[in-house]
Amino acid sequence: MTDALTFLKTRRSRPAKIMTSPVPGKEALEALLVMAARTPDHGKLEPWRFVVLEQAALRRLGVLARSMAEAAGTDVVDATKASHQFETGVLAVVVVESPKECLKFPEIEQTYSAGAVCLSLLNAALASGWGANWLSGWASHQPKFCMQGLQLETHERVAGIIHIGTGPALMPDRPRPDVPALTQWKKS
Ligand SMILES: Cc1cc2nc3c(=O)[nH]c(=O)nc-3n(C[C@H](O)[C@H](O)[C@H](O)COP(=O)(O)O)c2cc1C
């Protein structure tokens, strides 16, 4: 079996909450981003971009997420849950869905492409031996957090926040889907 197939058959995330330093340096991270961008993209629209969050930026976002969550109230969100990963994370990449105007293809395909970039970045990091985890969280879906904290434009959204660091080499696997039960074969 090739290394690629072994990876695809066994890959699993590492929980961001137990990831630590070291993290990839600038050159190593740039290489991961190049791999992530090698992703299907109907119309070559490049409807996504990256925002790299180093530790100080994560802490700044932790303060913002906590204050927004506290203002929203406990019936809406748990402030500690909303801010924890920003308060403790070591490095993260925000994959920003940045849709382009295009009449030729349905806009949802740009969303799918942004999701595909998230998985590619996750896999590139895991295959390179880093711990990695795709998270979102309450704050990432709040327009105020996106604009004030991440300087996104009004038409942009967070597709995913990929936390990258040093994680446990081995993790128990989670239960995996029963693929035959999810698959229909049309023979005619
Ligand atoms: C779009 C998206 C958002 C997610 N957001 C969170 C999150 O905020 N918190 C969380 O605990 N898991 C979240 N997850 C799930 C984690 O990524 C989880 O680690 C993952 O399902 C593990 O799968 P894997 O081992 O196959 O990589 C999210 C997954 C996706 C696809």
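**View 1. What comes right after helix 3.** Helix 3 is followed by G73, and the phi of G73 is positive, near 100 degrees. Keep in mind that this is a predicted model.

**View 2. Helix 3 from end to end.** Here we check the length of helix 3, which runs over residues 55–72. At 1.5 Å a residue, its 18 residues should span 26 Å, and the C-alpha atoms at its ends sit 25 Å apart, so the two values agree.

**View 3. The two sides of helix 3.** Which residues of helix 3 are buried? They are L61, G62, A65, M68 and A69. These buried residues lie on the same side of helix 3 because they cover an arc of only 145 degrees around the axis. Turn to the other side of helix 3 and you'll find A56, S67 and A71, which are exposed.

**View 4. What helix 3 leans on.** The buried residues of helix 3 have three packing partners to look for: strand 1 (48–53), helix 4 (79–88) and helix 6 (143–150).

**View 5. The largest nonpolar core.** This core holds 38 residues, and V95, L121, A125, I162 and I164 have the most contacts inside it. Plenty of elements chip in: helix 2 (26–36), strand 1, helix 3, helix 4, strand 2 (92–97), helix 5 (108–127), helix 6 and strand 4 (157–165) each supply at least two residues of the core. Helix 5 gives the largest share, with eight residues.

**View 6. Zooming in on A125.** Which residues does A125 touch, leaving out those up to four places away in sequence? The answer is L32, W130, A132, I162 and I164. You've met I162 and I164 already: like A125, they are among the residues with the most contacts inside the core.

Key. Residues are numbered from 1 along each chain as its sequence is written. This is a predicted model: local features need pLDDT of at least 70, side-chain atom pairs count only at pLDDT 80 or more; totals for chains, interfaces and linings use all residues. Helices (H or I, at least four residues) and strands (E, at least two) are DSSP runs, numbered from the N terminus. The expected span of a helix is 1.5 Å times one less than its number of residues. A residue is buried if 20 or more other C-beta atoms lie within 10 Å of its own, exposed if 12 or fewer, and partly exposed in between; C-beta atoms are placed from the backbone. The arc is that of the directions from the helix axis to the C-beta atoms. Two residues are in contact if their C-beta atoms, placed from the backbone, lie within 7 Å. A nonpolar core is a set of buried Ala, Val, Leu, Ile, Met, Phe, Trp, Tyr and Cys residues joined through C-beta atoms within 7 Å.
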